[in-house]
Amino acid sequence: MCLSKTNPCTVWDWDSNGKHDFIGEFQTTYKETKAGTDEGKLLQWECINPKYQVKKKNYRNSGVVVLNHCKIIKMYSFLDYIMGGCQIQFTVAIDFTASNGDPRNSCSLHYIHPYQPNEYLKALVAVGEICQDYDSDKMFPAFGFGGQIPPDFKVSHDFAVNFDEDNPECAGIQGVVEAYQNCLPKIQLYGPTNIAPIIQKVASTASEEMHTKEAMEYFILLILTDGVITDMADTREAIVHASHLPMSVIIVGVGNADFTDMQMLDGDDGILRSPKGEPVLRDIVQFVPFKDFKHASPAALAKSVLAEVPNQIVDYYNAKGIKPKCVSDYESTRAFSP
């Protein structure tokens with residue numbers, strides 16, 4: 001940071017719905033604010049709204065900003081946490097509801113073409129191959145929801161795709177792909193499209209990590225679904241709870257359904273709230289319709305889907321006051337896999 005560089009500071013009127021009102025701005029330097037507080041000087045700046053300054057003839061300012069205290073807080077980066085040994089724990093959840101169509105039919109979203117991957121596989125591989133580079137053991141839990149599973153063919157919304165409930169992990173993204181392909185002929189697609197149970201399952205594991213108060217594991221849940229969810233209230237509740245945990249949720253909408261209602265889960269257009277009115281602590285959901293990337297490269301999809309994750313990770317640990325472990329500390333407690 002250049003100590004003498006002038007930094008623009010903006011002032012907003014905070015609103016709980018996320019639509020904050022701009023009040024004005026002023027400029028100062030780090031050197032000025034630090035020296036002022038060190039010497040016990042009262043520092044203040046006029047807050048100017050450029051629009052009002054042009055429109056209003058007798059406009060002076062929109063208020064005065066007074067600095068009472070200046071504290072230096074080191075903001076760590078995504079790479080600081082990764083270099084300190086933070087691992088990305090990547091989990092996949094796949095929609096096995098009947099609206100996908102019979103997997104034996106070539107029109108089905110789950111149809112396994114001998115020469116071309118379906119949209120589920122394209123999205124899974126594009127996102128998973130990026131995430132696996134941040135996970136040393138490269139073992140990924142994979143779950144399904146909305147399907148009737150053997151032997152009694154009851155509907156489950158969080159079953160292990162490899163049918164091993166005690167160990168749902170698959171070896172690498174290729175292992176997830178193979179488990180998915182092996183699973184399809186053995187289950188019945190059914191419904192409804194409920195995703196709250198799988199969010200709660202991952203949140204339960206993330207909650208255990210939270211209590212360690214170390215930046216060692218951050219959880220990313222990738223949900224692949226073909227339609228609007230049917231448990232919206234429960235899902236909102238689950239997301240609000242998960243926003244307090246080291247966890248992010250990525251939802252990729254597969255197929256040509258109308259996903260308008262899904263956009264509300266992504267906090268970009270306002271703050272998501274639980275049915276009781278509790279707001280999310282931070283925005284942890286990213287929703288992307290696959291059809292927007294149908295003719296784009298896998299890298300373009302992955303970039304869009306994962307764009308917000310580094311900041312979500314940094315925001316979580318910085319808000320908790322959790323510093324990255326230094327590399328030497330990490331290497332003494334945990335070895336990288338070859």
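**Salt bridges and the surroundings of E119**

Visitor: What is the relative accessible area of K294?
Guide: This is a predicted model, in which local features need pLDDT of at least 70 and side-chain atom pairs count only at pLDDT 80 or more, while totals for chains, interfaces and linings use all residues. Residues are numbered from 1 along each chain as its sequence is written, and side-chain values use heavy atoms, with hydrogens and water left out. K294 falls in the partly exposed class, between buried (under 20% relative accessible area) and exposed (over 50%), using a 1.4 Å probe and protein chains only, because its relative accessible area is 35%.

Visitor: How many residues apart are K294 and E119?
Guide: The side chains of K294 and E119 form a salt bridge, N to O 3.4 Å, the term meaning a side-chain nitrogen of Lys or Arg within 4 Å of a carboxyl oxygen of Asp or Glu. The pair links distant parts of the chain, since K294 is in the loop between β14 (285-289) and α8 (298-306) and E119 is in helix α4, so that their separation in residues is 175.

Visitor: Is E119 buried or exposed?
Guide: E119 belongs to helix α4, residues 119-131, where a helix is a DSSP run of H or I with at least four residues and a strand is a run of E with at least two, numbered from the N terminus. Because its relative accessibility is 13%, E119 counts as buried.

Visitor: Which residue has its backbone nitrogen 3.0 Å from a polar atom of the E119 side chain?
Guide: Leaving aside neighbours within four places in sequence, E119 is in contact (heavy atoms within 4.5 Å) with L109, V254, G255, F290 and K294. The backbone nitrogen at 3.0 Å from a polar atom of the E119 side chain is that of G255.

Visitor: Which residue forms a salt bridge with D158?
Guide: D158 counts as partly exposed because its relative accessibility is 25%, and its salt-bridge partner is partly exposed too, at 29%. The side chains meet at 3.8 Å, N to O, and the partner of D158 is K201.

Visitor: How far apart are the closest N and O atoms of R104 and D102?
Guide: R104 is exposed, with a relative accessible area of 73%, whereas D102 is partly exposed, at 35%. The two residues form a salt bridge, and the distance between the closest N and O atoms is 2.8 Å.

Visitor: What share of the 338 residues is buried?
Guide: The chain has 10 helices and 14 strands. Within this chain of 338 residues, the buried share is 44%.

Conventions:
A polar contact is a pair of N or O atoms within 3.5 Å; within protein, one must be able to donate a hydrogen and the other to accept it, and residues adjacent in sequence count only if both atoms are side-chain atoms.
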